[in-house]
Each structure stands twice: as C-alpha cells, then as structure tokens.
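Thanks for making time this morning. Please have the sequence and the model open in front of you, and I will walk through a few features one after another.

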Amino acid sequence: DAAGECFDKTARAMGMSYPGGIELDRIAENGNPGAFALPTPHTERFDFSFSGLKTAVINIIHNAEQKGESYSTEDLAASVRFKVSDILIKKTLDAANEFGFDKIAVAGGVSANSLLRKTLISECEKHGKKLYLPELRFCGDNAAMVGVQGYYEYLSGNIADMTLNASASKNIE
C-alpha cells in the first residue's frame with residue numbers, strides 16, 4: 001500500500017472525510033508523534049509498503065472501540081504522519097547515497113504533507129542534497145500528474161501501438 005493510501009485510509013478510520021491525508025496532516029499538528037508505538041514495515045531495500053502500518057492503526061482504533069476506551073485522534077494522526085514521513089525520508093536518503101545522487105525531486109499528493117516537507121528540507125540541507133520540492137499548489141494527486149504527462153507525450157507523438165503490455169515490476173534501467 002502506498003503512503004497516500006495509508007494516510008487516506010487511516011484518516012477515514014479516524015472519521016475524517018476523503019481524501020483524508022490533508023485533514024490528518026492538519027489534525028496531527030496538535031498531536032504527539034510519539035504517543036503510539038507504530039510498527040515500521042519490513043520491506044526489501046527501497047520498496048515501500050504501508051499496509052502493516054495501516055492495519056496497526058485500524059487495530060488501535062477497533063481495540064479502543066471494543067473496550068469502550070477513547071484515544072486521541074490528534075496523537076494517532078501525529079504518530080501516523082511521523083512514521084510515514086520517517087520511512088519515506090530515510091529510504092529516499094539511503095537510495096540517494098547508495099546510488100550517488102546529490103539531487104532529490106519529490107512530487108505527488110503526499111509531497112504536500114507539512115511534516116514531510118519540513119523534515120525533507122532540513123535533512124537534505126544537513127546531508128548536502130539539493131531538494132526539488134514543488135509549490136503546494138502543484139502537489140496534487142499523482143494520477144493527475146501522470147495523466148497530464150501522458151497528454152503531452154501523446155501531443156508530441158510519443159505513443160506505442162496496442163502490442164505494448166504493462167509490467168508493474170519492469171526494471172527502469
């Protein structure tokens with residue numbers, strides 16, 4: 001599961017409307033990011049999967065509801081936001097270092113997350129990386145960005161015939 005999906009689905013489980021990542025980010029500002037000990041998903045090298053994190057949050061909510069207990073939405077939102085941002089930033093910097101990149105570009109809906117933005121800026125400065133971070137107004141849904149790029153590729157004549165097949169795990173090198 002992607003980071004944005006984790007934000008949206010955990011936010012929905014906490015009673016926020018879709019897309020929940022925006023509201024989760026706003027509510028998290030008033031919470032304690034260390035209030036809940038959330039798991040760090042174990043994935044291969046630079047792969048990402050937030051399904052276990054999403055499940056852990058949903059279990060926290062359901063367990064509290066079953067026991068008739070309350071939980072701090074602000075603290076849970078802050079804990080989710082911190083964990084997702086921490087994973088994304090660490091793996092991004094690790095990949096940049098391993099492959100010798102001194103420039104990092106970030107895009108997509110999750111790039112609007114305030115903690116991710118603030119921490120990426122400081123971590124890239126600390127590690128001597130040049131960060132390309134779009135203005136918030138350009139941090140829309142990744143699907144829309146891919147669609148716009150596809151439109152411009154089509155206009156320029158960069159198209160494939162119908163024999164081309166999609167491969168989600170195709171090597172990009």
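Let me start with the length of helix H4 in this predicted model. H4 has 27 residues, and at 1.5 Å a residue they should span 39 Å; since the C-alpha atoms at its two ends are 39 Å apart, the expected span and the model agree. The helix covers residues 73-99, and just after it comes Gly-100, which takes a positive phi of about 75°.

Now, how does H4 sit against helix H5? In general, two packed helices are described by the angle between their axes and the distance between the axes. Here the axes of H4 and H5, the latter being residues 114-126, come within 9 Å and cross at roughly 35°, and the crossing is right-handed. If you want to find the contact on your screen, look on the H4 side for Arg-81, Phe-82, Ser-85, Leu-88, Ile-89 and Leu-93, which meet a set of H5 residues including Leu-115, Leu-116, Thr-119 and Glu-123. Sorted by class, this contact of H4 with H5 has eight nonpolar, three polar and two charged residues.

H4 also appears in the largest pocket, which has a volume of about 930 Å³. Which element gives the most to its lining? That is H4, with six residues, while helix H1, helix H2, strand S1, H5 and helix H6 are also among the elements that each supply at least two. The lining comes to 38 residues, and those nearest the centre of the pocket are Ala-107, Gly-108, Gly-109, Val-110 and Ser-111. By class, the lining has 25 nonpolar, nine polar and four charged residues.

Let me turn to two places in the loops where the backbone deserves a careful look. As a rule, most residues other than glycine have a negative phi, and most peptide bonds are trans. With that in mind, the peptide bond from Tyr-18 to Pro-19 is cis, with omega near -5°, and Pro-19 is found in the loop between H1 and H2. Further along, in the loop between H2 and helix H3, lies Arg-45, which has a positive phi of about 25° although it is not a glycine.

Finally, to place all of this in the whole chain, its secondary structure comes to six helices and two strands, running from the N terminus as α-α-α-α-β-α-β-α, and its C-alpha atoms fill a box of roughly 60 × 40 × 35 Å along the principal axes.

Conventions: Residues are numbered from 1 along each chain as its sequence is written. This is a predicted model: local features need pLDDT of at least 70, side-chain atom pairs count only at pLDDT 80 or more; totals for chains, interfaces and linings use all residues. Side-chain values use heavy atoms; hydrogens and water are left out. Axes are lines fitted to C-alpha atoms, for helices over the stretch in contact, and angles run from 0 to 180 degrees between N-to-C directions. Helices (H or I, at least four residues) and strands (E, at least two) are DSSP runs, numbered from the N terminus. A crossing is left-handed if the near helix is turned anticlockwise from the far one by less than a right angle, and right-handed if clockwise. Contact means heavy atoms within 4.5 Å. Ala, Val, Leu, Ile, Met, Phe, Trp, Tyr, Cys and Pro count as nonpolar, Asp, Glu, Lys and Arg as charged, and the others, Gly among them, as polar. The expected span of a helix is 1.5 Å times one less than its number of residues. On a 1 Å grid over the protein atoms alone, a cavity is a set of points where a 1.4 Å probe fits but cannot get out, and a pocket is an open set with protein on both sides within 12 Å along at least five of seven lines; lining residues have an atom within 4 Å of a point. Grid points are joined across faces, edges and corners, and a volume is the space filled by probe spheres set on the points.
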